[in-house]
Amino acid sequence: MLLIKNGFVIDPKSGRNGIFDILIKDNKIIKIDSFIMEVDLSDEDRANLQVLYADNMMIAPGLVDVHVHFRDPGFTYKEDIYTGAKAAAKGGFTTVVLMANTKPTVDNEETLSYVIDKGLETDIHVLTCASITKGLQGETLTDMDTLKQKGAVGFTDDGIPMLNEDMVKTAMAKAKELHVPLSFHEENPEFITNNGINRGKASEHYNIGGSPRAAEIDLIARDLDLAVKMEAPINIQHISSKEGVELVRQAKHELINRKNIKLPLAKNNEEMTAVSTSAPSSLPVIPMEISQQLCIHSEATPHHFSLTEDAAIEFGTMAKMNPPLRTEEDRQAIIRGLKDNTIDIIATDHAPHSSEEKAKPITEAPSGILGLETALPLGITNLVKKGHLSYLELLEKMTINPATMYHLDCGYIAENGPADLVIYNENSFVVDSFCSKSSNSPFIGKQLTGEIQYTICDGKIVYNRKEEQ
């Protein structure tokens, strides 16, 4: 048994927000109360009791990341399922959903079983998507029925945009039938000269063509239009542009109007302008309980709400990713999208690469950065402490919202619920090391707020900062 005492509990699902004790037995929370006395436990339970004092700490549901790359099978020199899971635990994540762009691709039962079975050997919940098309080629649909039956929680060709509109329609129809989300990487390569670097100040600095916002806008517009018409469950991944945010906002409101859902009045312009330097939207804020019910979801990454293309100039390949970091106006639009629930999920797009790969020239190095171990501190530092989001608002986008999209029983704190928790404080710290095999991050050496002290999964302490020091 594990008794956590005197922690400040924050649970977005229930709205619980205060100091409580939490009692855990096996893999379930069995009691939440303002004060739990050890003497009230049986002799047997007291004999096996571990007490964790969480004074001056916050307790949240174990974080849920629905966009990670563990590179296993095929690229395990960058990361593997075991090291990825350790990185996740250090970051406070107790549930992750892997992408399918491995080698071989997760487009068949054998590879799917390999990933699932290896995930079961870790300390956290490792789930996976399967690919939408065989070999990520965009030509032939996978056997989505069988792959879902065998354990795939969703489908994505992430890393490769889907250019065949008819294939997208077919996949959306099947996803709607199976009640699983499709996650889309929205970058049309026809617009891109060099990926990973924004066309603008950053591309001019490197004297390359770069990647324009039009590449993202083009496919987001197409897929939202199809999803609204078909009412298909989709997730627009890692939005990077202000136009992409606005397209999602308009699509969500179109769905709401179709369903005749009544929304509260819009927040005033002064309040919204405080969150963004771009013009505030006249559309009402979508309450989270309504946003969760819509078939359209969208992600923002910590790097896209924290950095701009200036970081690509300063840090080079360490800040190269797809889609690229864009302008301050885009960053502010993403923050406003998080504020009004246009963007309902924060996902890391954890993308490890070796130091040798990232040492290549800017046009040759692979895109992607680490994300799991810095995500919550970046959210606290750049969203909560700057007054953009409350802790409840930040955490709902990192717990219950992604869990709801994938129909997972996690992301909340309740009696008889899963004993998956993250415990953190508001201390400042310097990012100096990673549990990941890789270290490709522009945040190395940066001072952030929010030290994760413990991660608890299935009632067991799977990360303890004191043991790391």
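# Talking through the model

Colleague: How many bridges join β1 to strand β4 (residues 50-53)?

Modeller: Glad to start there, with the reminder that this is a predicted model. Strands β1 and β4 run parallel, and L3 stands opposite V51 in β4. The number of bridges that join β1 to β4 is four.

Colleague: Which residue of β2 stands opposite G7?

Modeller: Strand β1 pairs with strand β2 (residues 16-25) in the antiparallel sense, over eight bridges. The two form a hairpin with four residues between them, and G15 in the turn has a positive phi of about 80°. Within this pairing, the residue opposite G7 is F20.

Colleague: And which residue of β5 stands opposite F8?

Modeller: Here the pairing is parallel: β1 and strand β5 (residues 58-61) share two bridges. Strand β1 (residues 2-11) is largely enclosed by the rest of the structure, because eight of its ten residues are buried. Opposite F8 stands M58.

Colleague: How many of the ten residues of helix α2 (residues 81-90) are buried?

Modeller: The buried residues of α2 pack against several elements, among them β7 (93-98), α3 (109-119) and β17 (452-457). The buried set is I81, T83, G84, A85, A87, A88, A89 and K90. The helix is mostly covered, and the count of buried residues is eight.

Colleague: What is the phi of G92, just after α2?

Modeller: Let's take both ends of the helix. At its start, a side-chain oxygen of D80 comes within 2.9 Å of the backbone nitrogen of Y82. Just after the helix, G92 has a positive phi, of about 90°.

Colleague: Which strands are the edge strands of the open sheet of five?

Modeller: The order in this open sheet is β9-β10-β11-β12-β13, with parallel pairing. An edge strand here pairs on one side only. That picks out β9 (155-156) and β13 (345-346).

Colleague: What angle does the direction of helix α8 make with that of β12?

Modeller: Strand β12 (residues 296-300) runs parallel to β13, joined to it by two bridges, and A300 stands opposite I346 in β13. Helix α8 (residues 242-258) packs on the sheet and touches β11 and β12. Another helix, α5 (residues 165-178), lies across β10 (182-184) and β11 (234-236), at about 145° to β10. For α8 and β12, the angle is about 155°.

Colleague: Is S183 buried or exposed?

Modeller: S183 lies in strand β10. Leaving aside neighbours within four places in sequence, S183 is in contact with F155, T156, D157, N235, Q237 and Y406. Its relative accessibility is 1%, below the 20% cut-off, so S183 counts as buried.

Colleague: How many disulfides does the chain have?

Modeller: A pair of cysteine sulfurs has to lie within 2.5 Å to count. For C129, which is buried at 0% relative accessibility, the nearest cysteine sulfur is that of C410, 14 Å away. For C410, buried with a relative accessible area of 5%, the nearest is that of C457, 9.3 Å away. The count of disulfides is zero.

Colleague: Where is P104 found?

Modeller: P104 follows a cis peptide bond from K103, with omega about 5°. The bond from D72 to P73 is also cis, with omega near 15°, and P73 sits in the loop between β6 (63-68) and α2. As for P104, its place is the loop between β7 and α3.

Colleague: Is D26 buried or exposed?

Modeller: D26 is not a glycine, yet its phi is positive, at about 55°. It lies in the loop between β2 and β3 (28-33). Its relative accessibility of 64% is over the 50% cut-off, so D26 counts as exposed.

Colleague: What is the phi of N416?

Modeller: N416 is in the loop between α17 (400-405) and β14 (421-424). At 63% relative accessibility, N416 counts as exposed. Its phi is positive, in a residue other than glycine, and is near 70°.

Colleague: Last one: in which helix is confidence lowest?

Modeller: The chain averages a pLDDT of 95, and 96% of the residues score at least 70. Over residues 268-279, though, the pLDDT is below 50. Where pLDDT is low, the predicted coordinates should not be read in detail. Confidence is highest in β7, at 99, and lowest, at a mean of 40, in helix α9.

Conventions. Residues are numbered from 1 along each chain as its sequence is written. Side-chain values use heavy atoms; hydrogens and water are left out. Buried means under 20% relative accessible area, exposed over 50%, partly exposed in between (1.4 Å probe, protein chains only). Contact means heavy atoms within 4.5 Å. A polar contact is a pair of N or O atoms within 3.5 Å; within protein, one must be able to donate a hydrogen and the other to accept it, and residues adjacent in sequence count only if both atoms are side-chain atoms. Two strands pair if DSSP finds at least two bridges between them. Axes are lines fitted to C-alpha atoms, for helices over the stretch in contact, and angles run from 0 to 180 degrees between N-to-C directions. pLDDT is the predictor's confidence in each residue, from 0 to 100.
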